[in-house]
Amino acid sequence: LAAQLIASALGGKPQSFQNRLLDCAVKGEMQPHDGSMIFHFFPVSASGTPMISLNTAELISRELSGCLGTMFVARDSISRPESPREGYALDVLTQGLYRMRRLSRDLTDCALYENGKLTLFCQQGDLAAFCQKIASQMEDICLAIDIGFEASLPSLPLPCRFDGPKLERVLYHLFSNSIKYTRPGNNIRFSLSVKNESAVISVTDRGAGIPAAILPMLFTKHSEGSASSPLTTGGAGFGFVLARAVCTLHGGTCVVASTEGSGTTVTLTLPLAQEEGASLPLGSPPPDYAGGIDH
């Protein structure tokens, strides 16, 4: 297989294949690029089909969206709560609705990625300003729950072609995980730098860390675990899958380093030089992942 892939790369031809990696069935795609080989791996069942059926994911997402729309309307019709307890209950309901909406979108996008159909809508922008906006929002949240927040961001513009809505979702996933597992009094650190013509974004926390047994399956957690498995504790596991998917489609990487009991660092890289063909046609807005509501 290696000889076939190298021969194809030397001939400038992409090649698809199926194999096993870390005892997991995967579908692979190799694309030659500037003297290198770029590999994409998608987890599949033993028969070679994607773990998530795209048709099933879209049907579930559509049903969820319809139900959530009705529930949001019902929530908005509730008058101002008369007591702190009622206000708290309404807040819990609202947060649950937002999480279900995000889960619906994540399910569809993971299925699209595993089926090789997830696309980017990249536009030229200032990555430094983009990260600064997110940092300002996260700092307010962290301070409110007694978690320190440090941001190390460049003061000068950092031009880059990127899909803002998808990258925003990835970063909110990472911050959500950090906040969930970081103890009060500890810090979360957010940084943006440039290395080897790539933008490097990192989110570091001093939380519970990720057990060593889970790390090898982190990017297929939604398909490897079960409801009773510790692999799915804390969520369906779509966050890291989407993070790697979005970075890979940008031509970058997503790397997780974690020590149980000490904390986790997630590092994203995005190439600063992007092809024009990745941009949206003029006048076409990016998809609205939040239903018109601020994340």
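Rings of Phe, Tyr and Trp are taken to pair if their centres lie within 6.5 Å. By this rule, the predicted model holds 5 aromatic pairs. A pair of aromatic rings is described by the distance of the centres and the angle of the planes.

One of the pairs joins Phe 72 and Tyr 98. Their ring centres are 5.5 Å apart and the planes meet at 40°, so the pair is tilted. An angle of 40° fits this class because stacked requires under 30 degrees and edge-to-face over 60. The pair links distant parts of the chain. Phe 72 lies in helix H2 (residues 54-76) and Tyr 98 in helix H3 (residues 84-114), 26 residues apart. The two partners differ in burial. Phe 72 has a relative accessible area of 6% and is buried, whereas Tyr 98, at 32%, is partly exposed.

Phe 175 and Phe 190 form another pair. Here the centres lie 5.1 Å apart and the planes stand at 80°, so the geometry is edge-to-face. This pair also links distant parts of the chain. Phe 175 belongs to helix H5 (residues 164-181), and Phe 190 belongs to strand S7, with their positions 15 residues apart. Phe 175 counts as buried at 1% relative accessibility. Phe 190 is buried too, with a relative accessible area of 0%; both values qualify because buried means under 20%. Ring pairs link Phe 175 and Phe 190 with Phe 149 into a cluster.

The strand that carries Phe 190 is part of a sheet. Strands of a sheet pair through backbone hydrogen bonds, either parallel or antiparallel. This sheet is open and has 5 strands, in the order S5-S7-S8-S10-S9, with mixed pairing. S5 and strand S9 (253-259) are the edge strands, and each pairs on one side only. From one strand to the next, the twist averages 10°. S7 and S8 run antiparallel and are joined by 8 bridges. Within S7, Phe 190 stands opposite Val 203 in S8. Helix H5 packs on the sheet. H5 touches S5, S7, S8 and strand S10 (263-271). The direction of H5 makes about 25° with that of S8.

H5 also meets H3. The axes of the two helices come within 13 Å and cross at roughly 120°. That makes H3 oblique to H5, because 120° falls outside the 65 to 115 range for roughly perpendicular and is not over 145. The crossing of H3 past H5 is left-handed. On the H3 side, the contact is made by Arg 102, Arg 105, Asp 106 and Asp 109. On the H5 side, Arg 169, His 173 and Ser 176 take part. H3 thus appears in two settings: Tyr 98 of H3 pairs with Phe 72 of H2, and the helix contacts H5.

Backbone geometry was examined as well. Most residues other than glycine have a negative phi, and most peptide bonds are trans. Asp 146 has a positive phi of about 65° although it is not a glycine. Asp 146 sits in the loop between helix H4 (127-144) and strand S5 (148-152). At 52% relative accessibility, Asp 146 counts as exposed, because the cut-off is over 50%. Glu 197 is not a glycine either, and its phi is positive at about 60°. Glu 197 is placed in the loop between strand S7 (187-195) and strand S8 (198-205). The relative accessibility of Glu 197 is 68%, so Glu 197 is exposed.

How values were computed
Residues numbered from 1 in each chain as written. Predicted model: local features only at pLDDT ≥ 70, side-chain atom pairs only at ≥ 80, totals over all residues. Heavy atoms only, no water. Helix = DSSP H or I, 4+ residues; strand = E, 2+ residues; numbered from the N terminus. Buried < 20%, exposed > 50% of the residue type's maximum accessible area, 1.4 Å probe, protein only. Phe/Tyr/Trp six-rings, centres within 6.5 Å; stacked < 30°, edge-to-face > 60°. Pairing = 2+ DSSP bridges. Axes fitted to C-alpha atoms, helices over the stretch in contact; angles between N-to-C directions. Contact = heavy atoms within 4.5 Å. Parallel < 35°, antiparallel > 145°, perpendicular 65-115°, else oblique. Left-handed = near helix turned anticlockwise from the far one by under 90°.
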